[in-house]
Every structure is written in C-alpha cells, then in structure tokens.
Amino acid sequence: MLHTLLGHVATWIISVISAMGYAGIVLLMGIESACIPLPSEIIMPFSGYLVSTGRFELLAVATAGAIGCNLGSIPAYFAGQYGGRPFILRWGKWVLIGADELDKAERFFARFGSLAVLIGRLLPVIRSFIAFPAGMARMNQAKFHIYTFVGSWPWCFALALVGDRLGVAWRTDPRLGEILHKLDAVVVAAILGLGAFYVWHRVRALRKG
C-alpha cells in the first residue's frame with residue numbers, strides 16, 4: 001500500500017512541475033520545507049531532467065527551489081515561535097514529526113546557533129526541521145531567511161544537477177540509456193522501498209512515543 005501511495009506522490013510531483021514550471025518547483029519545495037513529507041530528492045532531480053531537455057535553466061531551477069524553501073519555512077518558524085515545543089509535539093505527528101526529530105534539530109541549533117539554519121539546510125533530515133528551533137529561539141527573521149536561502153540553494157542545485165547530467169547522458173549515450181532502461185524498474189522499486197521504510201519507521205516511532 002505504501003509503495004502505491006509513494007508512486008502516486010512521485011507521479012503527482014512530476015505532473016505539478018510539468019504543468020506549472022518554475023512555480024511548481026517553488027510550490028513543491030515550499031510544501032517540503034513546511035515539514036510535510038514531500039521528498040526534495042524527487043522534486044529537484046526531475047526539475048534538473050527538464051533542464052536537460054531545454055525547458056528550464058539550471059540556475060533558475062536551483063533558485064526556484066531555494067525560494068520555495070524560504071516560503072515553506074515561514075509557517076514552521078512561526079509554529080516554533082508562537083507554539084513552541086508543546087505545539088510541535090502535539091500536532092507534528094500529522095506530518096510524521098516526533099520528539100526524536102525535534103530533539104535532533106534543537107541540539108543542532110544549540111550547538112551552532114544561528115549558523116545552524118545555514119548548515120542544517122545542507123543536511124538531510126535536519127534541513128526539514130531546523131526552522132522550528134529557529135522560531136523557538138526567536139532568531140532574527142531577516143537573518144533566518146538569508147541563511148535559509150543561502151543554505152538551501154546548493155542543496156537544490158546539486159540535486160538538479162544530478163537530474164540534468166543523467167538526462168543528458170540518457171539521450172547522448174545509447175549504452176547508458178539501455179542499461180538504465182533495464183534497471184529502471186529496480187531503481188523505482190528501491191526508491192519506493194526506501195520511502196516506504198522511512199514512513200513506516202516514522203509511524204512506528206510516533207506510536208511508541
């Protein structure tokens with residue numbers, strides 16, 4: 001069931017980007033940065049693939065992704081500022097956020113201070129939750145958004161670049177295209193399997209908590 005659900009999510013992500021262009025990237029990355037489990041690892045590589053087709057520009061794709069990260073971080077920041085830890089622990093379960101993720105983000109922020117926002121945006125898992133402790137600490141909002149953008153842009157660029165390079169190789173090297181065609185079902189199954197495991201792990205952890 002989870003495999004089917006994640007497959008539908010991936011299809012929806014691709015449809016949104018195909019239909020809305022750069023605005024779709026902003027929208028989807030905004031949802032991801034609002035701590036809703038929507039994988040940037042699908043959003044940005046597919047956007048990069050469209051760069052390889054000539055539809056998008058690589059720098060514009062990375063910038064659109066970073067803008068989306070900024071916009072999506074706003075509700076998470078204010079949830080931390082006005083709701084604090086009790087609010088997040090009460091309502092976070094609906095987007096698979098538990099005490100463990102919040103603890104990691106808080107420890108990371110306590111260690112690095114405001115720079116945690118910039119550094120954390122380059123790290124899987126931490127990047128999705130770092131806005132909460134920033135809001136709880138009432139970090140200066142201008143600095144918060146600057147650090148969020150600067151930290152998010154390389155992440156978005158790197159993922160888009162992967163998609164771009166694979167797209168170019170797919171069309172220019174028949175051998176690679178043949179290999180990928182044979183393996184695509186395995187790759188899709190692996191991606192969906194990892195996604196399903198992540199969701200299952202989070203649901204299990206939240207039930208225990």
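In the predicted model, Leu27 is located in helix H2. With a relative accessible area of 38%, this residue is classed as partly exposed, because the partly exposed class spans the interval between the buried limit of under 20% and the exposed limit of over 50%. Outside the neighbours within four places in sequence, Leu27 makes contact with Val16 and Met20. A further spatial relation links Leu27 to Ile17: the two residues are separated by 10 positions in sequence, and their C-alpha atoms lie 9.1 Å apart.

Helix H2, which comprises residues 22-33, packs against helix H3, residues 40-52, with axes that come within 10 Å of each other and cross at roughly 160 degrees. The two helices are therefore roughly antiparallel, since angles over 145 degrees fall into that category. The crossing of H2 past H3 is left-handed. On the H2 side, the contact is formed by Ile25, Leu28, Met29 and Glu32; on the H3 side, Ser40, Ile43, Met44 and Ser47 take part. Classified by residue type, the contact between H2 and H3 consists of 5 nonpolar, 2 polar and 1 charged residues.

Helix H9, which covers residues 141-172, contains Thr148. The relative accessibility of Thr148 is 0%, and the residue is therefore counted as buried, the limit for this class being under 20%. The side chain of Thr148 approaches the backbone oxygen of Phe144 at a distance of 2.7 Å, a separation that lies within the 3.5 Å cut-off applied to polar contacts between N or O atoms. When neighbours within four places in sequence are set aside, the residues in contact with Thr148 are Cys69, Asn70, Ser73, Val117 and Arg121.

Arg138 is situated in the loop that connects helix H8, residues 131-136, with H9. The backbone of Arg138 adopts a positive phi of about 55 degrees, although the residue is not a glycine. The relative accessible area of Arg138 amounts to 52%, and the residue is accordingly assigned to the exposed class, for which the threshold is over 50%.

With respect to solvent accessibility, the three residues examined individually are thus assigned as follows: Thr148 in H9 is buried, Leu27 in H2 is partly exposed, and Arg138 in the loop between H8 and H9 is exposed.

Terms used. Residues numbered from 1 in each chain as written. Predicted model: local features only at pLDDT ≥ 70, side-chain atom pairs only at ≥ 80, totals over all residues. Heavy atoms only, no water. Axes fitted to C-alpha atoms, helices over the stretch in contact; angles between N-to-C directions. Helix = DSSP H or I, 4+ residues; strand = E, 2+ residues; numbered from the N terminus. Parallel < 35°, antiparallel > 145°, perpendicular 65-115°, else oblique. Left-handed = near helix turned anticlockwise from the far one by under 90°. Contact = heavy atoms within 4.5 Å. Nonpolar A, V, L, I, M, F, W, Y, C, P; charged D, E, K, R; others polar. Buried < 20%, exposed > 50% of the residue type's maximum accessible area, 1.4 Å probe, protein only. Polar contact = N/O pair within 3.5 Å; in protein donor to acceptor, adjacent residues only side chain to side chain.
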